[in-house]
Structures are given as structure tokens and as C-alpha cells.
Amino acid sequence: MKNTFTILFILSFSLSFSQKYLDANIIKMNNDTINATIEISTNMFNKKLINESSFYRMLILVDKNGEKKEKIKAADVKELKFTDFDQKQQLYVNNGKALKKVVYNGAKIKWYWDISQNLYDGSIQHSEYLVDDKGIKYKMGLFKGKKSTLLEITKSKPELVAEIENTVLSNENMIHILEKYENLQ
């Protein structure tokens, strides 16, 4: 009975992610540009939900038939761009041995998500931070929320304080506030 449960668990877990392909633009560390199709995994229940663990450490390039033709380590990738299944542009940049997601890429502020994978269940976690134009890093997380971080990084524009304090900071609302900050002179 125990072995049957284990086999069913492994089978259901392996089927929960299906393989799909996306056209991507890859810029390597030596500035070579590759336009290729990469293999990615998606969620079984939501086919538009991309599993970042399928590419944040290693990119698998495939040909038109889906045959693997090359593997590129994330450490060799400077930048990865693709359009996801919701038709949104996604940008990932090098973070040493892995890729990190660029959530917002402004002239004054950049918002990044570092990607890590849980060793026990394979789930993906993001650690978020903002970087200002001076290169100062503002971490967000368990002990420092988005509002306090956003208030700290935008303190030179007091006209944004009321909006930040009165807004539920979803990703879209935070990007909206960051865009407002960028446009204020």
C-alpha cells in the first residue's frame, strides 16, 4: 500500500507540469545574442502559469520539432526575454549562478525577484527588493513590508505618501506607484 501511494504521488507530481515552448531572446555574458525556442514547464491546472524552476538555472534550447539541441547554464546568460502565455513581456537577468526576474525596470528604481527553489517540495520562492539609481538595495519581506520600503525609497516625493498608505499594494498597484515616482520631477 505504501509503495502504491509513493508511485501514484510521483506519477501525479510528474504529470502536474507539462512541457511547453516559448520563443526567447537570450543575451549571453559574452554579448552573443541568441533567438531560440526554450523548453519550459507549466502548471497542470493553469497552462498559462510558468514554472520558473524549469529555466532559472538552466535553459534548454529546442528545435522546431521539440528536440533538445543545446543547454545553457544561467551563469552564462546575461539577459533572457520572452513573451509569456498572457502576452506579457518577461525579463530575467543574471544573478550569479541563476536568473532573477525584473518586475519593474525604471530609470530611478528597479524591482527584482530573486528566485530560489525549496529542496523538499520543489516549490519556488521569491525574495523581493528594490534598487535605486545609486545602487542602494531595499529589501522587502517578512520583517519589512512593501509599504514601508516604498515609503523609504520614495521619501523625496512626499506627494506619494497618502497614495502609498491608502493603497493595497498588489504588484500592479506597486508598479503604478513606481511609474508615478519616475514621472515626478
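This is a guided tour of one protein structure, going from its aromatic rings to its charged pairs and then to its pockets. The model you have open is a predicted one, so every value below was computed from predicted atoms.

**Stop 1: the aromatic rings of strand 9**

Begin with the rings, of which the structure holds 5 aromatic pairs. Select Trp-111 and Trp-113, which form an edge-to-face pair with 6.3 Å from centre to centre and 85° between the planes. Are these two side chains buried or exposed? Trp-111 has 0% relative accessibility and therefore counts as buried, and Trp-113, at 13% relative accessibility, counts as buried too.

Now add Tyr-112 and Tyr-129 to the selection, and turn the view until you can see both rings. Their centres are 5.5 Å apart and their planes stand at 40°, so this pair is tilted. The pair links distant parts of the chain, since Tyr-112 belongs to strand 9 (residues 109-117) while Tyr-129 belongs to strand 10 (residues 124-132), 17 residues apart. Tyr-112 is buried, because its relative accessibility is 13% and the limit for that word is under 20%. Tyr-129 is buried as well, with a relative accessible area of 5%.

Before you leave strand 9, select Ser-116, which has its place in that strand. With a relative accessible area of 36%, Ser-116 is partly exposed. If you also select Lys-100, you will find that the C-alpha atoms of Ser-116 and Lys-100 are 9.2 Å apart in space, although the two residues are 16 residues apart in sequence.

**Stop 2: a cluster, and charges over rings**

Next, select Phe-55, Phe-82 and Tyr-92 together, because these three form one aromatic cluster.

Which residue lies over the face of Tyr-129? Return to that ring and show Lys-137, which lies over its face at 4.2 Å from the ring centre. A similar view can be set up with Lys-20 and Phe-85, where the charged end of Lys-20 sits over the ring of Phe-85, 5.1 Å from the ring centre.

**Stop 3: the salt bridges**

How many salt bridges does a search of the whole structure find? The search finds 6, and three of them are worth selecting one after another.

Take Lys-146 and Glu-128 to begin with, where the closest N and O atoms of the salt bridge are 3.8 Å apart. Lys-146 lies in helix 2 (residues 146-153) and Glu-128 in strand 10, so the pair ties together parts that are 18 residues apart in sequence. Lys-146 is partly exposed at 22% relative accessibility, whereas Glu-128, with a relative accessible area of 18%, is buried.

Move on to Lys-144 and Glu-152, whose side chains meet in a salt bridge with 2.3 Å from N to O. Lys-144 counts as partly exposed at 30% relative accessibility, and Glu-152 likewise counts as partly exposed at 30%.

Then select Asp-133 and Lys-134, which form a salt bridge with their closest N and O atoms 3.9 Å apart. Here Asp-133 counts as exposed at 53% relative accessibility, and Lys-134 is exposed with a relative accessible area of 68%.

**Stop 4: the two pockets**

Rolling a probe the size of a water molecule over the atoms shows where empty space is left. Switch on a surface view for this stop, and look for the largest pocket, which contains about 820 Å³ of space. To find its middle, select Glu-52, Asp-84, Gln-90, Lys-101 and Trp-113, which lie nearest the centre among the 33 residues of the lining. Which strand gives the most to this lining? Strand 7 does, with 4 residues, and you can select strand 7 as residues 89-94. Other elements that each supply at least two lining residues include helix 1 (2-15), strand 9, strand 10 and helix 4 (171-183). By class, the lining of the largest pocket divides into 12 nonpolar, 13 polar and 8 charged residues.

Finish at the second largest pocket, which has a volume of about 170 Å³. Its lining includes Asp-133, Lys-134 and Glu-152, which you met at the salt bridges, and also Lys-108, Tyr-138 and Tyr-181. The lining of the second largest pocket has 4 nonpolar, 1 polar and 6 charged residues.

Conventions: Residues numbered from 1 in each chain as written. Predicted model: local features only at pLDDT ≥ 70, side-chain atom pairs only at ≥ 80, totals over all residues. Heavy atoms only, no water. Phe/Tyr/Trp six-rings, centres within 6.5 Å; stacked < 30°, edge-to-face > 60°. Buried < 20%, exposed > 50% of the residue type's maximum accessible area, 1.4 Å probe, protein only. Lys NZ or Arg CZ within 6 Å of the ring centre and 35° of its normal. Salt bridge = Lys/Arg side-chain N within 4 Å of Asp/Glu carboxyl O. 1 Å grid on protein atoms, 1.4 Å probe; cavity = no way out; pocket = protein on both sides within 12 Å on 5 of 7 lines; lining within 4 Å. Points joined across faces, edges and corners; volume = space filled by probe spheres on them. Nonpolar A, V, L, I, M, F, W, Y, C, P; charged D, E, K, R; others polar.
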